[in-house]
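Grab a coffee and work through a few exercises on pockets and helix packing. Try each task yourself before reading its solution.

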Amino acid sequence: VPAGGTHEPIDPVRFLGNRSSGRQGVAVARAAADRGADVTLITAHVEEAVRADAVHPHVTIVSVGTAAELSEAVTRASDDADVVVMAAAVADYRPASAAERKLSKEDGRLTAIELVENDDIVAGLVAARRSGQTIVGFAAETAADAADLRERGIRKRRRKGVDLLAVNDVGEGRGFERPDNALLIVGPGDEVVAEASGTKREVADALWDAIASQRTTGR
Ligand code: CTP
């Protein structure tokens with residue numbers, strides 16, 4: 001379970017990042033361990049207090065920083081994983097080069113940063129998926145309404161090629177940095193297989209129910 005948000009360095013003190021706290025991913029990891037799974041939780045910038053919730057004899061925690069580091073750790077851990085739940089918020093782009101020294105106005109004004117695209121980690125997992133392996137993606141969307149959220153989820157699951165996609169609305173006051181969450185889980189037949197809301201742990205349990213059902217019945 002990759003969780004949290006990557007930081008892409010601009011210079012030694014600045015980065016491009018996102019608002020993921022890692023709470024939902026940590027809850028997913030913990031819920032799996034409580035059901036008896038051996039879990040590797042790969043955290044990108046998840047606060048210690050949040051990570052503490054995943055401490056369990058069956059959870060191995062690996063910490064990473066950038067999308068490239070996350071990609072390497074995910075590739076290694078997914079080799080023998082039955083299920084990968086890609087809950088991390090991966091930066092799509094990184095600065096083409098990170099300055100070795102802090103950028104200063106004395107060196108000239110910085111008004112643009114050249115970006116290069118990061119690899120799509122989940123696309124790599126899908127391409128290398130073994131038979132019997134389930135790959136679950138997450139998508140945070142700012143949808144106009146419930147129907148739009150559902151349509152976006154269906155489109156993105158197809159585009160990503162994942163078995164299941166958990167999609168949540170992160171409009172004003174929802175999703176990020178909060179203890180609760182609400183999401184739709186879209187399945188391979190382009191249908192919503194489950195809707196979950198409540199604490200991030202309750203949502204994580206609903207997600208594992210959907211994953212277990214998908215793995216046993218294909219639905
Ligand atoms: N993801 C990934 N590698 C990336 C970007 C995203 O593995 N470089 C994964 C995320 O971890 C998530 C899923 O892809 O499980 C969907 O992420 P999202 O950012 O919504 O996907 P994008 O393809 O970047 O779509 P958008 O253009 O809407 O941001």
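The exercises below concern a predicted model.

**Exercise 1. Describe the largest pocket: its volume, its lining and the elements that supply the lining.**

Solution.
- Step 1: start with the space. The largest pocket holds about 980 Å³.
- Step 2: look at the wall. There are 41 lining residues, and those nearest the centre are Ala-88, Ala-89, Val-90, Phe-138 and Ala-140.
- Step 3: trace the wall back to secondary structure. At least two lining residues come from each of β1 (2-4), α1 (23-34), α4 (121-127), β9 (134-141), α5 (146-160) and β10 (164-169). The top contributor is β9, which gives four residues.
- Step 4: sort by chemistry. You should get 18 nonpolar, 13 polar and ten charged residues in this lining.

**Exercise 2. Now do the second largest pocket: what is its volume, and which residues lie nearest its centre?**

Solution.
- Step 1: the volume comes out at about 480 Å³.
- Step 2: 20 residues line the second largest pocket, with Ala-37, Asp-38, Val-39, Val-83 and Trp-208 nearest the centre.
- Step 3: β4 (39-44), α3 (67-78), β6 (83-86) and α6 (200-217) are each good for at least two lining residues.
- Step 4: the class count for the second largest pocket is 13 nonpolar, three polar and four charged.

**Exercise 3. How do the axes of α1 and α6 cross? Then list who touches whom.**

Solution.
- Step 1: recall the two descriptors. A packed helix pair is described by the angle between the axes and the distance between them.
- Step 2: read them off. The α1 and α6 axes come within 8 Å and cross at roughly 55°.
- Step 3: classify the angle. Oblique covers what is left outside under 35, 65 to 115 and over 145 degrees, so α1 and α6 are oblique to each other. Their crossing is right-handed.
- Step 4: list the contacts. From α1 come Arg-23, Gln-24, Ala-27, Val-28, Arg-30, Ala-31, Ala-32 and Asp-34; they meet Lys-200, Arg-201, Val-203, Ala-204, Asp-205, Leu-207 and Trp-208 of α6.
- Step 5: tally that contact. It has eight nonpolar, one polar and six charged residues.

**Exercise 4. Place Arg-51: which helix is it in, and which residues does it touch?**

Solution.
- Step 1: Arg-51 sits in helix α2, residues 48-51.
- Step 2: skip residues up to four places away in sequence, and Arg-51 touches Val-26, Thr-43, Val-46, Ile-61 and Ser-63.
- Step 3: check a sequence-distant residue. Val-203 is 152 residues from Arg-51 along the chain, and their C-alpha atoms are 17 Å apart.

How values were computed:
Residues numbered from 1 in each chain as written. Predicted model: local features only at pLDDT ≥ 70, side-chain atom pairs only at ≥ 80, totals over all residues. Heavy atoms only, no water. 1 Å grid on protein atoms, 1.4 Å probe; cavity = no way out; pocket = protein on both sides within 12 Å on 5 of 7 lines; lining within 4 Å. Points joined across faces, edges and corners; volume = space filled by probe spheres on them. Nonpolar A, V, L, I, M, F, W, Y, C, P; charged D, E, K, R; others polar. Axes fitted to C-alpha atoms, helices over the stretch in contact; angles between N-to-C directions. Left-handed = near helix turned anticlockwise from the far one by under 90°. Contact = heavy atoms within 4.5 Å.
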